[in-house]
Amino acid sequence: MKDAASLIREFNAGRDPERLALKLQKMRADPFVFLRGSCHLFYARIPPAPVFDQAPVTWVCGDLHLENFGSYKGDNRLVYFDLNDFDEAALAPCTWELARFLASVHLGVVSLGVNRAEAGALCQTFVDAYAAALAEGKARWVECETADGLVRDLLDGLQKRKRGDYLDSRTELKGKTRRIRIDGRKALAASEADQARVKAWLKTFAATQENPEFFRVLDVARRIAGTGSLGVERHIVLVEGKGSPEGNYLLDIKEALPSSLPANGRIRPPAWTSQAQRVVSVQQRMQAVSMAFLNAVEINGKSFVLRGLQPSEDRVALEAWKGKLRRLESVLTTMGQLTAWAQLRSGGRDGSAIADELIDFGRRSDWQKPLLDVAELCAKQTTADWQTFSKAYDGDFFA
């Protein structure tokens, strides 16, 4: 079998070199960031186990980890906290999703000063909350009024954020005209050809919308965001919105690639018309409410996901736990519940287990200990792969 470095180089072949270099540099930092950037490798390495073979098949986001929960404003204008990344979405044993998340806990809480025993306790907290929410059988959601702890702190803080301040952080204002700030951290310059292509497509898209002028393009750049998707074609677009300069909006247009989750003999996924349709459809099924402008689109024969960028998008500040484990336990409880609710909400759709099967699974106790054990093995494998990758990276294997 090829080593981790070779598999990563093959998987990322053909990506935008400038953003790919940023991705590899980030992955060198620590095993948790490496996990985030190598979803394909995680599933290639996932060990065979009864806890996977005997689990219900559900819709999964596919890349669940500590950083893939966040806040956003739904298309009903309310702010939610939920799963928020569906690039790898697929039908899979529900325990695949759980194993990846639990591995991320083992790897991600180290930088917070959490010891191994405490990490194990946090994993148990997540599994307990997930199982209880499944067993209840009712899909709920988290908004400001229903949140607590660090999640409530996040949602309360969002109320102070203004669109103008957000625009000022991402753009430069000259007179009454904004331009995207090219800073090498969140945006890179787009070529004239790319700008022309995006503008031409958005003009066509706008003609199908109720307010075409809203989508009049003011500027286009290459977007830098995330870890795993760095290097795929992705643009940040500044549009007229509700009027310049304070009413401008930012859009994200991101290429959709096939999911990294391997095929499973007992699963027959639907025949999607495009990869973007897969991403958008599963997101709409799993989230309580999806964000504004979420669309599967095609540009010059390539599949993209279109969505709005918002001041209300953010993640929980886990570092604010300040040595009080119960603050992290509260967050892990919320994340476990959200995972169960998303699977219940999408249950019975295109091959997913129905609610009754998920409820029965939540009430069982025979799968929890084996899942916790295999997740710890996955974390150890990820650390070993990161060490192999780091050695190759330092030796200019990816130059």
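## Strands, helices and charged pairs: a walk through the model

Let's start with a small piece: strand S6 (residues 171–174) and strand S7 (residues 177–180) pair in the antiparallel sense over 4 bridges. Strands here are DSSP runs of type E with at least two residues, helices are runs of H or I with at least four, and both are numbered from the N terminus. Two strands count as paired if DSSP finds at least two bridges between them. This is a predicted model, in which local features need pLDDT of at least 70 and side-chain atom pairs count only at pLDDT 80 or more, while totals for chains, interfaces and linings use all residues. Residues are numbered from 1 along each chain as its sequence is written, and side-chain values use heavy atoms, with hydrogens and water left out.

Back to the two strands. S6 and S7 form a hairpin with 2 residues between them, and Gly175 in the turn has a positive phi of about 70°. Thr171 has Ile180 in S7 as its bridge partner. In a regular strand, side chains alternate between the two faces of the sheet. You can follow that along S7: Arg178 and Ile180 point to one face and are buried, whereas Thr177 and Arg179 point to the other and are not. Buried means under 20% relative accessible area, exposed means over 50%, and partly exposed is in between (1.4 Å probe, protein chains only).

Now for a sheet with more strands. What is the order of the strands in the open sheet of 6 strands? The order is S8-S9-S10-S11-S13-S12, with antiparallel pairing. Strand S8 (187–189) and strand S12 (295–299) stand at the edges with a single partner strand each, so one side of each is left without a neighbour in the sheet. On average, neighbouring strands of this sheet are turned by 40° against each other, direction ignored. Angles like this are between axes, which are lines fitted to C-alpha atoms (for helices, over the stretch in contact), and they run from 0 to 180 degrees between N-to-C directions. At one end of the order, 5 bridges join S12 to strand S13 (residues 302–309), and the two run antiparallel. Ile299 stands opposite Lys302 in S13.

Helices lie across this sheet too. Helix H9 (residues 163–170) lies across S9, strand S10 (234–239), S11 and S13, at about 55° to S11. Helix H11 (residues 275–286) lies across S12 and S13, running at about 35° to S13.

What about helices packing on each other? Two packed helices are described by the angle between their axes and the distance between the axes. Helix H8 (residues 149–158) and helix H12 (residues 325–345) pack at an angle of about 80°, with their axes 6 Å apart. H8 and H12 are therefore roughly perpendicular to each other; the cut-offs are under 35 degrees for roughly parallel, over 145 for roughly antiparallel, 65 to 115 for roughly perpendicular, and oblique for the rest. Gly149, Leu150, Val151 and Asp153 of H8 make the contact with Arg327, Ser330, Val331 and Thr334 of H12, where contact means heavy atoms within 4.5 Å.

Stay with H12 for a moment, and look at Gln343, which sits in that helix. Is Gln343 buried or exposed? With 0% relative accessibility, Gln343 counts as buried. Apart from neighbours within four places in sequence, Gln343 is in contact with Thr58, Trp59, Val60, Cys94, Glu97, Tyr130 and Leu358. Gln343 and Leu358 are 15 residues apart in sequence, and their C-alpha atoms are 8.3 Å apart in space.

Cys94 brings us to the cysteines. The structure has 0 disulfides, a disulfide being a pair of cysteine sulfur atoms within 2.5 Å. Why does Cys94 form no bond? The closest cysteine sulfur, in Cys61, is 13 Å from the sulfur of Cys94, too far for a bond. Likewise, the sulfur of Cys123 is 11 Å from the closest one, in Cys378, which is too far for a bond.

Finally, the charged pairs: the whole structure holds 31 salt bridges. A salt bridge is a side-chain nitrogen of Lys or Arg within 4 Å of a carboxyl oxygen of Asp or Glu. In one of them, the closest N and O atoms of Lys2 and Glu10 are 2.3 Å apart. Lys2 is partly exposed at 45% relative accessible area, and Glu10 is partly exposed at 44%. Asp252 and Arg223 also meet in a salt bridge (3.2 Å, N to O). That pair links distant parts of the chain, with Asp252 in strand S11 (residues 249–255) and Arg223 in strand S9 (residues 217–223), 29 residues apart. Asp252 is buried, with a relative accessible area of 2%, and Arg223 is buried at 10%.
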